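Hi everyone, thanks for making time for this. I'd like to walk you through one structure, so please have a look at it first, and then we'll go through a few of its features together.

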Amino acid sequence: MILILGVISVIASLILLYIALGVCGEKESVAAARLREATGGDMVIGGSAKLKEDANESFAKRFTPAGMIEKAERNYMLAGRPDGWSVSKILSAKVIFGAAGLALGMMMFSSRGGALGTLMLFMAPILGYLGPDIMINGRAKRRQEDIQFALPDLLDQITISIESGTSFENALARSGQTGEGPLADEIVRTVQDIGLGLPRREAYEA
């Protein structure tokens, strides 16, 4: 009974810390997102400067290897920059969940001991630390599959538009506006980035 109460107390405390740090931030409105994109050079949605700045400001960076920060940045972009998330929030969640796993593992080890307690002592913090990566990586993979599925139709639309005399960029913009799903969203963002002054090569690569 004491063990159960202790585990509940630790989890509740970490959830409150999770909320206090803004990891469960409010969803940004469409108008606010567009204003943010249009007013900040480094905040253009296709660029990576904002992501790196976000990670640099995170208190969790000191607890995260550089390679894992780069992976979090990449998965965050591939997942479509989901609302309520950012690189710093992913890194913060890794540290918080890792600490929760460590606390849980220590309690299990001290109360039960044996092989199960030892396993929990090592596995719980690892699973907690890697949990946010697993979540964002899953979203990124699903989104990339959706993009690959929609790509043939988009290419057909662009080809038809170009054959009718439309320029490539106009055909691209039209396909993004009439399409649905993550690929259409990326096309719209690319056209917006170019309109805001981002070099075409960088916009296409992003």
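Let me begin with a term we'll need right away: I call it a salt bridge when a side-chain nitrogen of Lys or Arg sits within 4 Å of a carboxyl oxygen of Asp or Glu. The general idea is familiar: side chains of opposite charge can pair when their charged atoms come close. Please keep in mind throughout that this is a predicted model.

With that cut-off, take Glu169 and Arg200: their side chains form a salt bridge, with N and O 2.3 Å apart. Glu169 belongs to helix α7 and Arg200 to helix α9, so this pair ties together parts of the chain that are 31 residues apart in sequence. Glu169 is partly exposed, at 29% relative accessibility, and Arg200 is partly exposed too, at 47%.

Now let me step back to the overall fold. The chain has 9 helices and 0 strands, so "all α" is a fair reading of the element order, given how helices and strands are assigned from DSSP runs. Of its 206 residues, 38% are buried.

Back to the charges. How many salt bridges does the rule give? The count comes to 6. One of them joins Arg201 and Glu205, at 3.3 Å from N to O. These two are 4 residues apart in helix α9, which means about one helical turn lies between them. Both Arg201 and Glu205 are exposed.

Here is a pair with another setting. Arg81 makes a salt bridge with Glu186, and the closest N and O atoms are 3.6 Å apart. This one links distant parts of the chain: Arg81 is in the loop between α4 and α5, Glu186 is in helix α8, and 105 residues separate them. Are these two buried or exposed? With under 20% as the limit for buried, Arg81 is buried at 13% relative accessible area, and Glu186 is buried at 14%. The pair is also part of something wider, since Arg81, Arg143, Glu186 and Arg189 are linked in a network of salt bridges.

Glu186 leads us nicely to a pocket. The second largest pocket has a volume of about 290 Å³. It is lined by 14 residues, and those closest to its centre are Glu186, Ile187, Thr190, Tyr204 and Ala206. Which elements give two or more residues to that lining? They are α4, α6, α7, α8 and α9. Helix α8 gives the most, with 4 residues. By class, the lining has 9 nonpolar, 2 polar and 3 charged residues. So Glu186, a charged residue by the classes used here, is among the residues closest to the centre of this pocket and also takes part in the salt-bridge network.

My last stop is on the surface. Leu116, Leu119, Phe122, Met123, Ile126, Leu127, Leu130 and Ile134 form a nonpolar patch there, and together they have about 770 Å² of accessible area. Leu116 lies in helix α6, which runs from residue 114 to 163. Joining a patch takes over 30% relative accessible area, and Leu116, partly exposed at 46%, is above that.

That's my tour; thanks for listening, and I'm happy to take questions.

How values were computed. Residues are numbered from 1 along each chain as its sequence is written. This is a predicted model: local features need pLDDT of at least 70, side-chain atom pairs count only at pLDDT 80 or more; totals for chains, interfaces and linings use all residues. Side-chain values use heavy atoms; hydrogens and water are left out. Patches are made of residues with over 30% relative accessible area and no salt bridge: like charges are joined within 9 Å, nonpolar side chains (Val, Leu, Ile, Met, Phe, Trp, Tyr) within 5 Å. Accessible areas come from the Shrake-Rupley method with a 1.4 Å probe; for residues, only the protein chains shown count as cover. Buried means under 20% relative accessible area, exposed over 50%, partly exposed in between (1.4 Å probe, protein chains only). On a 1 Å grid over the protein atoms alone, a cavity is a set of points where a 1.4 Å probe fits but cannot get out, and a pocket is an open set with protein on both sides within 12 Å along at least five of seven lines; lining residues have an atom within 4 Å of a point. Grid points are joined across faces, edges and corners, and a volume is the space filled by probe spheres set on the points.
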